[in-house]
2 protein chains.
Amino acid sequence: MNSPLDEFELIRRHFSFATAQEDVPLGVGDDAALLRLPAGEWLVACTDTLVEGRHFPVASRAYDIAWKSLAVNLSDLAAMAATPRWFLLALTLPEADPDWLSDFSAGLRALAAQSAVQLVGGDTTRGPLSITITALGSLPQGQALTRRGAQVGDDIYVSGYPGEAALALRDLQAGGAGAGLRARLDRPVPRIGLGLALRGRAHAAIDISDGLAQDLGHILHASGVGACLDVQALPWRQPAAPDLQAILAGGDDYELCFTLPAGQAPPDHEVHRIGRIEAEPGLRLAAGGQPVSLDLRGYQHF
Amino acid sequence: MNSPLDEFELIRRHFSFATAQEDVPLGVGDDAALLRLPAGEWLVACTDTLVEGRHFPVASRAYDIAWKSLAVNLSDLAAMAATPRWFLLALTLPEADPDWLSDFSAGLRALAAQSAVQLVGGDTTRGPLSITITALGSLPQGQALTRRGAQVGDDIYVSGYPGEAALALRDLQAGGAGAGLRARLDRPVPRIGLGLALRGRAHAAIDISDGLAQDLGHILHASGVGACLDVQALPWRQPAAPDLQAILAGGDDYELCFTLPAGQAPPDHEVHRIGRIEAEPGLRLAAGGQPVSLDLRGYQHF
């Protein structure tokens with residue numbers, strides 16, 4: 001009843017990450033995992049799917065696919081100010097290629113170790129390549145950062161250099177991106193430490209997956225406010241002139257956008273103040289105090 | 001920046017299930033959900049993917065696809081004796097068809113309501129049809145049913161009538177299954193109540209997704225024991241003679257197989273005693289005390 005490489009063997013060989021820590025009474029290998037949440041903390045849960053050719057280039061390295069699949073989920077936890085704890089992996093594969101699985105497993109282990117999260121369960125199925133990860137974290141009750149808390153007068157910040165993933169994708173489509181820029185597309189770094197540093201300080205936060213303007217728009221909508229961004233304050237470190245389309249509407253950055261009470265010093269991370277929350281709904285752009293008009297094309301999954 | 005039916009609108013329209021219950025401080029609509037676990041309980045988590053053409057027939061009703069996607073996950077929670085609480089939905093669709101989504105949503109709502117679980121998060125992506133659900137439940141710490149606890153002398157039980165899903169699939173492939181049998185394939189009923197009734201009583205449990213013999217084999221392997229099944233005791237209610245291949249190796253039943261201390265009365269559910277745990281490793285079949293040999297073809301995902 002067993003083929004040489006059946007589902008169970010596949011799981012056992014590549015995804016038997018060591019857990020056995022105190023917060024995982026039972027990990028991979030039973031019908032479900034048993035997990036112990038710290039007393040008094042809330043569970044934080046999110047899930048994201050990556051489909052080949054849509055969320056990562058066809059023929060990407062398995063290592064990078066795994067990394068990005070986990071990173072985008074940890075980024076969501078970071079945006080809530082959660083401590084990442086566990087994750088489950090649902091992996092759909094056209095075939096069970098041991099080399100591919102080994103590389104995938106290495107990428108997953110690398111980011112999991114770096115982020116102190118444990119693989120506690122999953123499923124492998126045959127089909128078109130697609131990865132769904134569910135990330136689970138926790139935080140002291142009532143300390144989550146949501147999209148709802150932005151207040152008029154708040155300073156708006158963004159971490160890192162949004163737009164670089166979009167630049168990398170454009171270069172790739174034009175024939176190849178340099179390794180440095182390419183890493184911004186393939187191996188986004190979830191801003192977990194920044195998220196934790198924002199606990200009790202930020203009024204609102206979101207991670208940027210669909211473009212800064214669109215994701216900031218979710219904060220504005222949820223908080224019932226508007227904003228004005230100073231285009232001259234948008235972070236940029238490329239040799240060419242700033243590409244506002246990439247910065248404001250490029251997807252796949254996984255930086256954090258957040259608001260702080262006016263004048264409050266930001267945490268000691270690489271963040272940039274880019275604008276201010278206003279009472280009037282909508283998102284406006286300005287340069288030197290003058291309105292700027294820009295027709296942004298946003299990132300759409302559908 | 002918004003198309004008439006973008007991702008966010010899609011989610012909002014079809015998957016804004018009411019939550020707002022005390023155990024969901026924040027549900028669908030932020031970067032992650034916030035969930036409140038009962039004090040002193042452990043979290044129970046599992047994930048399963050269904051791929052079109054592999055886990056459900058092409059052109060299945062969206063209602064049934066949704067039902068089954070949730071049911072197979074709740075079945076895993078049931079096998080741990082967990083109380084189901086929440087789930088996250090990762091839905092990959094070739095196109096955003098409002099009718100299909102409406103039917104899918106109805107199926108999901110129906111089983112969710114019946115099982116008292118709440119949709120608290122998810123992701124929609126474009127790609128080949130596939131559904132990954134992550135189910136979250138809880139149980140008093142230390143009260144989980146695992147695959148590891150079977151003891152020599154235990155009675156082995158199975159719920160319901162395993163094999164009927166395989167019969168339905170066979171009929172379907174031969175031109176059509178009757179509605180009654182077809183429901184066994186399309187709308188499995190997770191045995192949540194039975195799982196709860198087994199808390200503190202059963203030594204080991206598993207849900208049957210890959211066939212009774214193979215899944216019981218996981219209990220035997222994990223517990224370091226063997227078993228003998230009485231083929232004459234295997235439950236069967238079809239007009240034709242019992243189909244041992246279907247009963248023992250048919251997949252997709254989502255019944256529970258569990259062991260009870262010898263002679264202990266089973267809970268008041270539709271369950272059947274089918275054999276006994278023995279010290280000698282391996283799974284044996286017998287009829288009237290005589291060994292039976294049977295070449296089973298198991299269900300393989302890969």
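What follows walks through the domains, the shared sheet, the chain interface and a helix pair of this predicted model.

Starting with the layout of chain A, the chain splits into domain 1, covering 8–140, and domain 2, covering 155–289. Taken over C-alpha atoms, the centres of these two domains of chain A sit 26 Å apart. Where they meet, 16 residues of domain 1 of chain A are in contact with 19 residues of domain 2 of chain A. On the domain 1 side, α2 and β3 of chain A each put in at least two residues, and α2(A) gives the most, with 10 residues. Sorted by class, that domain 1 side comes out as nine nonpolar, four polar and three charged residues.

Next comes the sheet. It is an open one of five strands, in the order β4(A)-β3(A)-β5(A)-β2(A)-β1(B), with mixed pairing. The edges are held by β4 of chain A and β1 (33–35) of chain B; each has a single partner strand, so one side of each is left without a neighbour in the sheet. From one strand to the next, the twist averages 20°.

Going through the pairings, β3(A) and β5(A) run antiparallel and are joined by nine bridges; here A:T83 has A:S138 of β5(A) as its bridge partner. β5(A) also pairs with β2(A), again in the antiparallel sense, over 11 bridges, and in this ladder A:V51 is partnered by A:S130 of β5(A). On to the other chain: β2(A) and β1(B) run antiparallel with three bridges between them, and A:L43 stands opposite B:L35 in β1(B). As for its surroundings, β2(A) has 10 of its 11 residues buried, so this strand is largely enclosed by the rest of the structure.

There is a pairing between the chains that involves β1 of chain A, too. β1(A) pairs with strand β2 (residues 41–51) of chain B in the antiparallel sense, over three bridges. Within that pairing, A:A33 stands opposite B:A45 in β2(B).

Turning to the interface as a whole, 59 residues of chain A are in contact with 59 residues of chain B. On the chain A side, the elements giving two or more residues are α1 (7–15), β1 (33–35), β2 (41–51), α2 (62–79), β3 (83–93), β4 (118–126), β5 (130–140) and β7 (204–207). β2(A) gives the most to this side, with nine residues. The chain A residues that touch chain B break down into 30 nonpolar, 17 polar and 12 charged.

Over in chain B, helix α2 (residues 62–79) and helix α3 (residues 98–115) have axes that come within 7 Å and cross at roughly 35°. The crossing of α2(B) past α3(B) is right-handed. From α2(B), the residues making the contact include B:W67, B:L70 and B:L74, while those from α3(B) include B:W100, B:F104, B:L108 and B:L111. Taken together, the residues of this contact of α2(B) with α3(B) divide into 15 nonpolar, two polar and two charged.

Last up is helix α4 of chain A, spanning residues 164–173, where A:E164, A:A165, A:A166, A:L167, A:A168 and A:L169 are buried. After α4(A) comes A:G175, which has a positive phi, near 130°.

Definitions and conventions:
Residues numbered from 1 in each chain as written. Chains lettered and ligands numbered in written order. Predicted model: local features only at pLDDT ≥ 70, side-chain atom pairs only at ≥ 80, totals over all residues. Buried ≥ 20, exposed ≤ 12 C-beta atoms within 10 Å, placed from the backbone. Helix = DSSP H or I, 4+ residues; strand = E, 2+ residues; numbered from the N terminus. Contact = placed C-beta atoms within 7 Å. Nonpolar A, V, L, I, M, F, W, Y, C, P; charged D, E, K, R; others polar. Pairing = 2+ DSSP bridges. Domains from an automatic or database assignment. Axes fitted to C-alpha atoms, helices over the stretch in contact; angles between N-to-C directions. Left-handed = near helix turned anticlockwise from the far one by under 90°.
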